[in-house]
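Work through the exercises below with the sequence and the 3D view open. Each task is followed by a solution in steps.

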Amino acid sequence: MLEDGRAEATCRSRWKRVERTLAEAGRMFPILTTLLRTSVGGTLSVGGYGVRSFVDGAQVDQVERARLILPDGQAVWCSREENSELFRFALAGFGQIGVLERVVLRTVPTRSSGHLARRGPAARSPRGAGAGRGEGR
Ligand SMILES: Cc1cc2nc3c(=O)[nH]c(=O)nc-3n(C[C@H](O)[C@H](O)[C@H](O)COP(=O)(O)OP(=O)(O)OC[C@H]3O[C@@H](n4cnc5c(N)ncnc54)[C@H](O)[C@@H]3O)c2cc1C
């Protein structure tokens with residue numbers, strides 16, 4: 001954890017590990033995708049959308065700084081103020097600009113969040129649909 005509730009993470013980390021570490025400090029990342037075994041670099045390279053994206057935007061909107069390894073091997077920090085063009089195109093950039101190595105993320109105090117689940121085939125079957133609701137009796 002850094003000051004002001006920000007956290008620095010390596011992009012090789014999986015979100016599950018990042019979330020566990022943040023939770024120990026009573027914090028969480030505002031946007032989580034449905035699959036926590038993805039890597040930080042993997043979701044930030046596609047944008048990263050979750051159930052709270054309608055409020056907080058994409059994961060990339062919650063990144064303050066990023067350390068990028070350019071194709072020539074040079075490592076640079078970028079942000080909205082520093083190397084801003086690199087920052088803009090590296091996030092949600094499908095790895096085309098370079099490899100995201102580390103990021104500084106905004107975090108928020110841990111909050112309970114709703115869970116979205118798609119009902120599977122069992123729920124659609126007559127037996128599944130009636131289960132627990134007194135139907136078919
Ligand atoms: C079951 C499932 C559910 C999903 N749900 C969501 C969801 O809810 N919301 C959402 O936004 N997305 C979702 N996705 C998409 C997922 O976020 C992307 O596929 C993401 O790229 C996967 O990350 P990964 O760690 O597996 O990446 P990898 O498969 O390892 O890499 C995918 C690509 O990401 C890029 N990349 C990876 N690491 C880096 C790095 N460090 N620097 C630069 N580029 C890099 C590369 O272009 C690479 O080819 C889902 C995918 C699956 C399979």
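The exercises that follow concern a predicted model.

**Exercise 1. The chain as a whole**

Determine how many helices and strands the chain has, and in what pattern they follow one another.

Solution. Step 1: count the elements; the chain has six helices and six strands. Step 2: read them along the sequence, which gives the pattern β-α-β-α-α-β-β-α-β-β-α-α. Step 3: turn to burial and contacts. Of the 137 residues in the chain, 20% are buried. Among contacts with a separation of 6 or more, 57% join residues 24 or more positions apart.

**Exercise 2. Strand order in the open sheet**

Work out the order of the strands in the open sheet of four strands, and find which strands stand at the edges.

Solution. Step 1: start with β1, residues 6-10. β1 pairs with β5 (residues 99-106) in the antiparallel sense, over five bridges. One position to check is A7, whose bridge partner in β5 is L105.

Step 2: move on from β5. Strand β3 (residues 63-69) runs antiparallel to β5, and six bridges join the two. Here A66 can be checked, with V103 as its bridge partner in β5.

Step 3: write down the full order, which is β1-β5-β3-β4, with antiparallel pairing. β1 and β4 (75-79) each have a single partner strand, so one side of each is left without a neighbour in the sheet. On average, neighbouring strands of this sheet are turned by 20 degrees against each other, direction ignored.

**Exercise 3. The two sides of helix α1**

Decide which residues of α1 (15-24) are buried and which are exposed, and explain how the buried ones are arranged around the axis.

Solution. Step 1: apply the cut-off for burial, which is 20 or more other C-beta atoms within 10 Å. In α1, W15, V18 and L22 are buried. Step 2: look down the axis. These buried residues cover an arc of only 60 degrees, which puts them on the same side of α1. The general reason is that an α-helix has 3.6 residues a turn, so residues three or four places apart point the same way.

Step 3: look at the other side of α1, where R20, A23 and E24 are exposed. Step 4: find what the buried side meets. The buried residues of α1 pack against β1, β2 (27-28) and α2. Step 5: follow the chain past the helix; α1 is followed by G26, which has a positive phi, near 75 degrees.

**Exercise 4. The setting of R27**

Classify R27 as buried, partly exposed or exposed, and list the residues that R27 touches.

Solution. Step 1: locate R27, which lies in strand β2. Step 2: count the other C-beta atoms within 10 Å; there are 19, so R27 is partly exposed. Step 3: leave out residues up to four places away in sequence. R27 then touches G5, A7, L22, T107, V108, P109 and T110. Step 4: compare with the start of the chain. M1 is 26 residues from R27 along the chain, and their C-alpha atoms are separated by 9.5 Å.

**Exercise 5. The shell around the ligand**

Find how many residues surround the ligand, and which element gives the largest share of the shell.

Solution. Step 1: count the shell. The ligand is surrounded by 19 residues, and the closest are T33, S39, G41, G42 and G95. Step 2: assign residues to elements. Those giving two or more residues to the shell are α2 (40-44) and β5. The largest share, three residues, comes from α2. Step 3: sort the shell by class, which gives seven nonpolar, 12 polar and no charged residues.

Notes. Residues are numbered from 1 along each chain as its sequence is written. This is a predicted model: local features need pLDDT of at least 70, side-chain atom pairs count only at pLDDT 80 or more; totals for chains, interfaces and linings use all residues. Two strands pair if DSSP finds at least two bridges between them. Axes are lines fitted to C-alpha atoms, for helices over the stretch in contact, and angles run from 0 to 180 degrees between N-to-C directions. A residue is near a molecule or strand if its C-beta atom, placed from the backbone, lies within 6 Å of it. Ala, Val, Leu, Ile, Met, Phe, Trp, Tyr, Cys and Pro count as nonpolar, Asp, Glu, Lys and Arg as charged, and the others, Gly among them, as polar. A residue is buried if 20 or more other C-beta atoms lie within 10 Å of its own, exposed if 12 or fewer, and partly exposed in between; C-beta atoms are placed from the backbone. The arc is that of the directions from the helix axis to the C-beta atoms. Two residues are in contact if their C-beta atoms, placed from the backbone, lie within 7 Å.
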